[in-house]
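Trainee: Hi! Could we go through this complex together? I'd like to get my bearings before I start on the details.
Mentor: Happy to, let's pull it up.
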Amino acid sequence: MKYILLMSGTRAGVEAYHAWPKQDIEAHMAVLHRINRDLTESGEFVATQGLAEPKEAKVVRGEKNGLPVTDGIFPESKEFLLGYWIVDVPTAERAYAIAGRISAASVNMPIEVRQFATRESKS
Amino acid sequence: MKYILMMNTMKAGHGVPSWPKKDLQAHIAFMMGFNKELHERGELVSAEGLSFPDQAKLVRAGKDGQPITDGIFPESKEFLAGFWIIDVDNPQRAYEIAAKASAAPGPGGVPLNMPIEVRQVMSGPPPDML
Amino acid sequence: MTKKWDATSEHLLRELAPQVLGAVARRFRDFSTAEDSVQEAMIAAFTQWPQQGVPENPRGWLIQVACRRMMDHVRSEIARRERETTVAAETENLASLPEIEADMDPDDTLILLFMCCHPALTSSSAIALTLRAVGGLTTAEIANAFLVPEATMAQRISRAKQAIKTSGAPFRLPSPQERAGRLPAVLHVLYLIFSEGYASSIGSHLQRFDLAREAIRLTRNTKTLLPENAEVAGLLALMLLTDARRAARTGPDEELIPLDKQDRSLWDRVEISEGTELLTAALAKGSVGLYQLQAAIAVVHDEAERAEETDWPQILALYELLNRVSPSPMVTLNHAIAAAMVHGPVHGLTLLRALDTDPRLASHYRLAAVRAHLLERTGDYEAAIEHYRVAAARTTSIPERNYLMTQAARLAGD
């Protein structure tokens, strides 16, 4: 079963992270890389992605005069997606365990775990 | 250039829309057609739907290495319903695609105008991964 | 003299894979490295044969290439360990092709099946290894079938082989007593491959490897190797009888069509006929197992020319039997459906109440979906709509979700 593990943060949180000592940031990156390698080794890895700074993000809503209506505002306190992992595991508990490990590596920030819907049907 | 387009759930009851049957079918058909077109144009990398948010869990590490899974979501939280990853030549095309997704028809066939968040993603695996 | 690569060549190549692996694994007494070597030989064949033609002795070709790869692996392993004295001993294993072919055992494929479905393996690793070692699929094909990256699938296969090594399973056929205990694991893996393939065959998008067809092929081969075994025949029958309905379960807009609404003229009568014959022969052997029972239920459905002609009392009796042989929440659920068809929806709803306290099923979408369907039949439309929506919210299948939402909308009226 595929699960997506979502890491979100606020602008303030991201700025605080960028202000960490360089070696702490590198250590954090190293732990995440280790987790990704372990997930490949265990045959559970599907994908992972860090997302661009939300400065570049846009929110698009419908069309006016044939052009997309874009709106790039992310309020200071609004949570936005920092990155995600997609894993393929036999149980939800395993997905939670992986999320727990990512959380532990990331100052215990909460990781949202969501199961993928499939295009399949057993019927 | 790769972008992720994210759509949040429509808040209503169980999250399942209670629209008239033909409007529901029009919405489903629109989404299928939308994905098919992106696929035929070679712009679709992936399209995924997520299971409904009542099954969502917020997980933190526990003291003994066991995850804690009873985290409570903030009242105002918007949940991700699904996302597309597209590969396009420029950001304008990404916004065009997002606008089309946003205009998916809802009740009465009226475009929903859902907000679609557009973020750039890196083209290959992140450096030093694997 | 080579033969042109044509529509049958791929099938031939896959059929040869486990035979070649058996030969090489037996000769070198190293299943894991042999399996890697045969995979490399298969990829070489898939690359070269379409252009250069199929060799006169395709199996010999594969064995030779696999052996060469084995020697490369062995030499680099020796170089790593710097034990040159073992070179002579190891190269003794590179016997001539006729010797290797003479050593081959028709049971090799069966040995491989038992190995790949060893109880020490997780389901996902057994599935991956079986598809590669016995099915002759490439890692990339398997990865694509399961929608995971190739590196991930390669690791699953690696771990599977590591688990086999750790278990110390020898390269020989389990004894008849061991076999009886080990066969269920083999059949379970084959069944899982079929289920995965059948579930993902809905709709036409995503060109994925046809795992359902592959499972049928592997099970057919297993039946050839174990012709007296009624459960293998039962499993093959079940697969054929289920696969027969494939074309009818997806509508023109890729929507899910339930059994009672399917256009039965689209069912594959040849598969139904073969499945029915297989089952009849299996049942005559006396012992009735799980797969035979499920196949029997499928036969009753497939025999009915129209949904209205379905022999529900017989299906009910079969579910009652299944409930005794192998009770499970899903069996109970299906039993309730059959009971409702025979004794009415109120009776079915009463049976469902027992499941509300079963933690495995209480929050499962199917319980809500079945309840909704029965409530609709009693005329309690409001409750039915509610339960269809609950089911739609719980299911993780998009086609099922669309179907359930549409049922709710249909009842709610335009």
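Trainee: Let's start with chain C. Which domains is it divided into?
Mentor: Chain C splits into domain 1, residues 1-105, and domain 2, residues 331-414.

Trainee: And how many Å apart are the C-alpha centres of those two domains?
Mentor: Their C-alpha centres are 54 Å apart. Keep in mind that this is a predicted model.

Trainee: Fair point. What is the mean pLDDT of chain C?
Mentor: It is 92, with 95% of the residues in chain C at 70 or more. For the complex, the predictor reports an ipTM of 0.90 and a pTM of 0.92.

Trainee: Okay, on to packing. Which residues of the largest nonpolar core touch the most other members?
Mentor: Those are A:Leu5, B:Leu5, C:Val20 and C:Val24, in a core of 176 residues. Helix H12 of chain C, residues 230-243, is the biggest contributor to this core, with 10 residues. Domain 1 (1-105) and domain 2 (331-414) of chain C each provide at least three residues to the core as well.

Trainee: Can we zoom in on C:Val20? What does it touch, leaving out residues up to four places away in sequence?
Mentor: C:Val20 touches C:Val38, C:Ala41, C:Leu62, C:Ile63 and C:Ala66, along with C:Arg59.

Trainee: Switching to chain B: what pattern does it follow along the sequence?
Mentor: Chain B reads β-α-β-β-β-β-α-β, so to speak its 2 helices and 6 strands in order.Trainee: What share of its residues count as buried?
Mentor: Of the 130 residues in chain B, 27% are buried. The C-alpha atoms of chain B fill a box of roughly 50 × 40 × 20 Å along the principal axes. Among chain B contacts between residues at least 6 apart in sequence, 71% join residues at least 24 apart.

Trainee: Now the contact between chains A and B. How many residues does each chain bring?
Mentor: Chain B brings 37 residues and chain A brings 36. On the chain B side, strand S2 (44-49), strand S3 (57-61), helix H2 (91-102) and strand S6 (116-121) each supply at least two residues. S6 of chain B gives the most, with 6 residues.

Trainee: How does that side of chain B break down by class?
Mentor: The side of chain B that touches chain A has 21 nonpolar, 9 polar and 7 charged residues.

Trainee: Back to S6 of chain B. Which strand of chain A is joined to it, and by how many bridges?
Mentor: That's strand S3 of chain A, residues 58-64, joined to S6 of chain B by 3 bridges, and the two run antiparallel. Within S6 of chain B, B:Glu117 is the bridge partner of A:Val59.

Trainee: Great, thanks for the tour!

Technical notes: Residues are numbered from 1 along each chain as its sequence is written. Chains are lettered from A and ligands numbered from 1 in the order in which they are written. This is a predicted model: local features need pLDDT of at least 70, side-chain atom pairs count only at pLDDT 80 or more; totals for chains, interfaces and linings use all residues. pLDDT is the predictor's confidence in each residue, from 0 to 100. Two residues are in contact if their C-beta atoms, placed from the backbone, lie within 7 Å. Helices (H or I, at least four residues) and strands (E, at least two) are DSSP runs, numbered from the N terminus. Ala, Val, Leu, Ile, Met, Phe, Trp, Tyr, Cys and Pro count as nonpolar, Asp, Glu, Lys and Arg as charged, and the others, Gly among them, as polar. Two strands pair if DSSP finds at least two bridges between them. Domain bounds come from an automatic or database domain assignment. A nonpolar core is a set of buried Ala, Val, Leu, Ile, Met, Phe, Trp, Tyr and Cys residues joined through C-beta atoms within 7 Å. A residue is buried if 20 or more other C-beta atoms lie within 10 Å of its own, exposed if 12 or fewer, and partly exposed in between; C-beta atoms are placed from the backbone.
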